[in-house]
Amino acid sequence: MGEMETAPKPGRDVPPKKDKLQTKRKKPRRYWEEETVPTTDGASPGPPCNKKNRELRPQRPKNAHILKKSRISKQPQVPKKPREWKNPESQRSLSGAQDPFPGPAPVPVEVVQKFCRIDKSRKLPRSKAKTRSRLEVAEAEEEETSIKAARSELLLAEEPGFLEGEDGEDTAKICQADIVEAVDIASAAKHFDLNLRQFGPYRLNYSRTGRHLAFGGRRGHVAALDWVTKKLMCEINVMEAVRDIRFLHSEALLAVAQNRWLHIYDNQGIELHCIRRCDRVTRLEFLPFHFLLATASETGFLTYLDVSVGKIVAALNARAGRLDVMSQNPYNAVIHLGHSNGTVSLWSPAMKEPLAKILCHRGGVRAVAVDSTGTYMATSGLDHQLKIFDLRGTYQPLSTRTLPHGAGHLAFSQRGLLVAGMGDVVNIWAGQGKGSPPSLEQPYLTHRLSGPVHGLQFCPFEDVLGVGHSGGVTSMLVPGAGEPNFDGLESNPYRSRKQRQEWEVKALLEKVPAELICLDPRALAEVDVISLEQGKKERIERLGYDPEAKAPFQPKPKQKGRSSTASLVKRKRKVMDEEHRDKVRQSLQLQQQQQQKEAKAKSTGARPSALDRFVR
């Protein structure tokens with residue numbers, strides 16, 4: 001007989017039985033998972049399908065619901081490294097491709113600090129928990145805003161540029177004709193000369209957008225034009241001396257300081273107002289965020305006129321004689337006045353006395369200028385000295401230079417360039433950039449005019465310097481002077497008439513009160529600890545005791561409905577009234593004892609007089 005066929009033993013040639021879970025259903029493939037390729041043996045290379053080793057869908061972090069509760073998180077949103085999942089395939093997109101740069105783009109810490117406005121070195125004052133939480137939320141919001149501003153800085157396409165000489169070449173020897181020949185046609189058209197010798201010398205002023213130019217001659221000539229397109233808006237002769245001219249909040253209104261009074265004109269040359277309370281005005285300054293027109297007069301008065309309501313806010317007597325030197329600090333809206341005794345005083349409409357006085361020169365002050373950041377102040381005097389002061393609390397001179405003729409006019413640009421007019425010569429000094437003082441060692445540019453300088457101003461958002469002199473008006477090209485990027489919602493040079501009207505309504509709604517002008521505007525957002533302590537002292541004197549010295553009474557809970565809210569309030573009120581009566585009774589006893597001591601001291605002192613009957 002042949003060999004009998006035997007049944008195969010389990011575990012040798014028989015394939016193992018499949019798991020029940022695998023036979024029942026097959027695990028679906030997710031879109032982020034790659035398709036598994038079966039091996040030669042027919043078994044999948046994946047892990048076993050038990051509960052411990054089963055692959056799960058990548059879930060959302062457990063603390064994701066925290067971001068939904070509060071719109072602004074209290075923690076500073078500093079960009080962190082992207083969280084690495086255990087399953088790297090879960091970071092794939094719908095198309096299957098993996099993001100090479102996961103998470104938010106990193107932001108340099110130096111750029112974030114440039115936009116940060118909160119000093120974290122100063123600790124928060126001790127306050128209630130609710131107030132402290134609000135301050136922390138405000139800090140987090142400000143930090144988030146600074147990060148967003150640092151990210152959006154990449155969108156600023158334009159960059160400032162300066163003249164650079166070749167192999168130690170002196171840029172002061174470069175003439176305006178050489179610059180005009182080297183630049184493009186549109187930039188070359190910004191350099192022009194207006195020959196107006198008949199009505200000079202001229203003072204000029206640019207609008208806040210930098211698009212319009214107004215100038216007035218000493219012999220009554222007043223004109224306003226769009227200097228980019230050379231389109232004339234108005235031209236009149238007021239038939240009396242013009243000492244200064246200023247645009248108001250927009251190019252539609254013009255303030256002219258004439259021989260006797262202050263006059264307001266529109267852009268068509270029509271006289272709208274004649275303000276006779278502002279007489280003998282020598283200098284004008286306009287504060288755009290407060291809608292205030294500051295005037296300095298021959299009589300020594302500094303007057304603030306609110307142009308939105310036509311009311312004089314303050315009229316301050318400087319007690320320093322004729323006021324002929326005035327400038328404003330764009331950072332905090334403080335007015336700087338130069339006097340004949342060599343001092344510069346700082347004024348605010350909320351105070352009748354100057355906020356500070358700085359001794360700058362041994363002779364009279366001829367010109368004052370403050371940069372756009374409010375950090376540096378340049379002054380020139382009769383002692384032929386040009387000084388730059390630090391306004392950050394020290395008021396000390398940083399650099400000094402002796403000029404051959406002395407500077408009669410000074411002006412700062414948006415990027416920190418300083419220009420000085422000395423006779424018929426204009427010298428410009430440059431620094432390291434915006435926020436740094438200009439170096440007075442070597443001039444950046446030099447230009448000679450056809451007459452003595454009478455007015456200087458840099459054009460906003462343009463590399464242009466406007467000079468008014470006895471021969472007319474000159475527009476110079478100064479590379480690197482203006483801010484290349486402008487805010488279209490604040491100062492848009494290309495805005496239409498409708499946009500200007502909408503901006504004017506918005507600016508009036510956001511007008512800053514004149515009482516808030518101070519040396520440090522950041523102090524307005526801080527807690528006034530001195531006033532809080534003073535109020536606490538007055539409250540203690542009024543009540544006769546300190547109500548916060550003892551912890552408030554907390555009644556114990558009772559049974560049978562006697563712990564309702566109304567009963568608890570009644571019990572608290574009863575205990576507070578008893579404590580108050582005791583404190584008042586003690587204070588009255590102390591007052592009676594003190595009066596008795598004073599009466600005894602009087603009786604034991606001098607002899608009684610017939611006039612004692614009139615003593616109460």
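Colleague: Which helix do the buried residues of helix 4 pack against?

Modeller: This is a predicted model, in which local features need pLDDT of at least 70, side-chain atom pairs count only at pLDDT 80 or more, and totals for chains, interfaces and linings use all residues. Residues are numbered from 1 along each chain as its sequence is written, and side-chain values use heavy atoms, with hydrogens and water left out. In helix 4 (helices, H or I of at least four residues, and strands, E of at least two, are DSSP runs numbered from the N terminus), the residues that are buried (under 20% relative accessible area; exposed is over 50%, partly exposed in between, with a 1.4 Å probe and protein chains only) are Ala140, Glu142, Glu143, Glu144, Ser146, Ile147 and Ala150. Judged by contact (heavy atoms within 4.5 Å), these buried residues pack against helix 3 (109–115).

Colleague: How far apart are the end C-alpha atoms of helix 4?

Modeller: Helix 4 covers residues 129–152, which makes 24 residues. At 1.5 Å a residue (the expected span is 1.5 Å times one less than the number of residues) helix 4 should span 34 Å. The model agrees with this expectation, because the end C-alpha atoms are separated by 35 Å.

Colleague: Within what arc do the buried residues of helix 7 fall?

Modeller: An α-helix has 3.6 residues a turn, so residues three or four places apart point the same way. In helix 7 (residues 497–509), Lys498 and Leu509 are exposed on the other side, while Arg500, Trp503 and Ala507 are the buried residues. Seen down the axis (the arc is that of the directions from the helix axis to the C-beta atoms), these buried residues line one face of the helix, because they fall within an arc of 65°.

Colleague: Which residue follows helix 8?

Modeller: Helix 8, residues 529–543, reaches 21 Å from its first C-alpha to its last, close to the 21 Å expected for its 15 residues. The residue after helix 8 has a positive phi, near 95°, and is Gly544.

Colleague: How many residues of strand 12 are buried?

Modeller: Strand 12 (residues 301–306) is joined by five bridges to strand 11 (residues 292–297), the two running antiparallel, and by six bridges, again in the antiparallel sense, to strand 13 (residues 311–317); two strands pair if DSSP finds at least two bridges between them. Leu305 of strand 12 is the bridge partner of Leu293, and Leu305 also has Ile312 of strand 13 as a bridge partner. Strand 12 has six residues and is largely enclosed by the rest of the structure, because the number of them that are buried is five.

Colleague: Which residue in the turn between strand 11 and strand 12 has a positive phi?

Modeller: Strand 12 takes part in two hairpins, and in the one with strand 13, which has four residues between the strands, Gly310 takes a positive phi near 70°. In the hairpin of strand 11 and strand 12, three residues lie between the strands, and the one with a positive phi, of about 90°, is Gly300.

Colleague: Which residues touch the most other members of the largest nonpolar core?

Modeller: A nonpolar core is a set of buried Ala, Val, Leu, Ile, Met, Phe, Trp, Tyr and Cys residues joined through side-chain atoms within 4.5 Å. Leaving aside neighbours within four places in sequence, Leu465 is in contact with residues including Tyr206, Val426, Phe458, Met476 and Val478. Apart from the largest core lies another, of 30 residues, among them Val325 and Leu391. In the largest core, which has 32 residues, those touching the most other members are Ile428, Leu465 and Val478.

Colleague: Is Glu483 buried or exposed?

Modeller: Glu483 lies in the loop between strand 28 and helix 7, and its C-alpha atom is 8.7 Å from that of Ser413, 70 residues away along the chain. Asp487 is found in this loop too, and Asp487 is partly exposed, with a relative accessible area of 46%. The relative accessible area of Glu483 is 17%, which means that this residue is buried.

Colleague: What percentage of the residues of the chain count as buried?

Modeller: The chain has nine helices and 28 strands, and among contacts between residues at least 6 apart in sequence, 47% join residues at least 24 apart. Of the 616 residues of the chain, the share that counts as buried is 36%.
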